[in-house]
Each structure stands twice: as C-alpha cells, then as structure tokens.
Amino acid sequence: VDLQALSDVLLSTSTTISNHSTTSEAESLSSSEYPGTTFPDSWDGTNTASACLLVMDENFRLPEFLAYNYHALPLRYLVISVDPRSQQSPSKILDRFRDQGMIIVEWS
C-alpha cells in the first residue's frame, strides 16, 4: 500500500470539500476520479468528516467504529486499506454503510 498516495487522496478530498462550499459534493467530485462511487444527492460535503483506516482482520470492530463515527463526527468519507496478510474481507460490512450514504473507497 502506497501510504503517500493514500495521504494525497485524503488531502485532495479535504481541499475539494473546503473549496466547494457553494457546489454540491456530487458536482465537485466526478465519478471518473472515483470509479464505482455514487454520491448521494443529500450529501453536500459540508460539516462532514473523512478518515483513513488500515485494517487487518478487524471485522468484529468495524460495525461499531463506523456506526459511532457516522453519527458522532459525522463520518461520510472513508478510505480503507486492507492489509495484504488479512484473512478477512471487510467488504460486506462496508456495503451496509455505503447503503447509508457513506462514500467508502476500499484499497486492497
């Protein structure tokens, strides 16, 4: 996993969010930049949080962590990198949060 590239993605997303306060997030981030990602109409990119996680066999912790931060922060954009040595995939858990409107980019 290229940690510098991961950091660059988060920084560019944060910059995009702060620089487009009059433009909806769906308009400012194109689907070509994030293939397979859809942006909910209700998500305007303001007053939300982004996070980056590196996980390895953490599936038992993910639902509570994501649910708490979804409501407390509110966490709406997540880049998650799965360690290559991991025995479990978090994809099914992440799909539940995608259905709630979170934008999740999964790196493996």
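The legends below describe close-up views of a predicted model of one protein chain.

**View 1. The whole chain of the predicted model, with its order of helices and strands.** Four helices and three strands make up the secondary structure of the chain, and from the N terminus on these elements follow one another as α-α-β-α-β-α-β. Of the 108 residues in the chain, 38% are buried, while the area that the chain exposes comes to about 6,500 Å², with carbon and sulfur atoms supplying 50% of it. Among the contacts with a separation of 6 or more, 72% are between residues 24 or more positions apart.

**View 2. Confidence along the chain, with residues 14-27 in view.** The pLDDT of the chain averages 76, and 58% of the residues score at least 70. Over residues 14-27 the pLDDT is below 50, although this stretch has 15 contacts in the model beyond near neighbours in sequence. Where pLDDT is low, the predicted coordinates should not be read in detail.

**View 3. Strand β2 and its two pairing partners, β1 and β3.** Strand β2 spans residues 75-82 and runs parallel to strand β3, residues 103-107, to which five bridges join it; within this pairing, S81 has W107 of β3 as its bridge partner. The pairing of β1 with β2 is likewise in the parallel sense and extends over seven bridges, one of the bridge pairs being A51 with L78 of β2. Eight of the eight residues of β2 are buried, and the strand is therefore largely enclosed by the rest of the structure.

**View 4. The crossovers by way of helices α3 and α4.** Strand β1, helix α3 and strand β2 form a β-α-β unit that is right-handed, in which β1 covers residues 49-55 and α3 covers residues 62-72. Strand β2, helix α4 (residues 91-98) and strand β3 also make a right-handed β-α-β unit, so that β2 takes part in the unit with α3 as well as in the unit with α4.

**View 5. The surroundings of M56, in the loop between β1 and α3.** With a relative accessible area of 34%, M56 is partly exposed, because this value lies between the 20% under which a residue counts as buried and the 50% over which a residue counts as exposed. When residues up to four places away in sequence are not counted, M56 touches D83, R85 and S86. The C-alpha atom of M56 is separated by 6.0 Å from that of V82, a residue 26 positions apart from M56 along the chain.

**View 6. The side chain of R76 in strand β2.** R76 has a relative accessible area of 16% and is therefore buried, the cut-off for this class being under 20%. From its place in strand β2, R76 extends a side chain that reaches the backbone oxygen of Y70 at 2.7 Å.

Terms used. Residues numbered from 1 in each chain as written. Predicted model: local features only at pLDDT ≥ 70, side-chain atom pairs only at ≥ 80, totals over all residues. Heavy atoms only, no water. pLDDT = per-residue confidence, 0-100. Contact = heavy atoms within 4.5 Å. Buried < 20%, exposed > 50% of the residue type's maximum accessible area, 1.4 Å probe, protein only. Areas by Shrake-Rupley, 256 points an atom, 1.4 Å probe, with all protein chains shown as cover. Pairing = 2+ DSSP bridges. Right-handed = clockwise from strand over helix to strand, strands pointing away. Polar contact = N/O pair within 3.5 Å; in protein donor to acceptor, adjacent residues only side chain to side chain.
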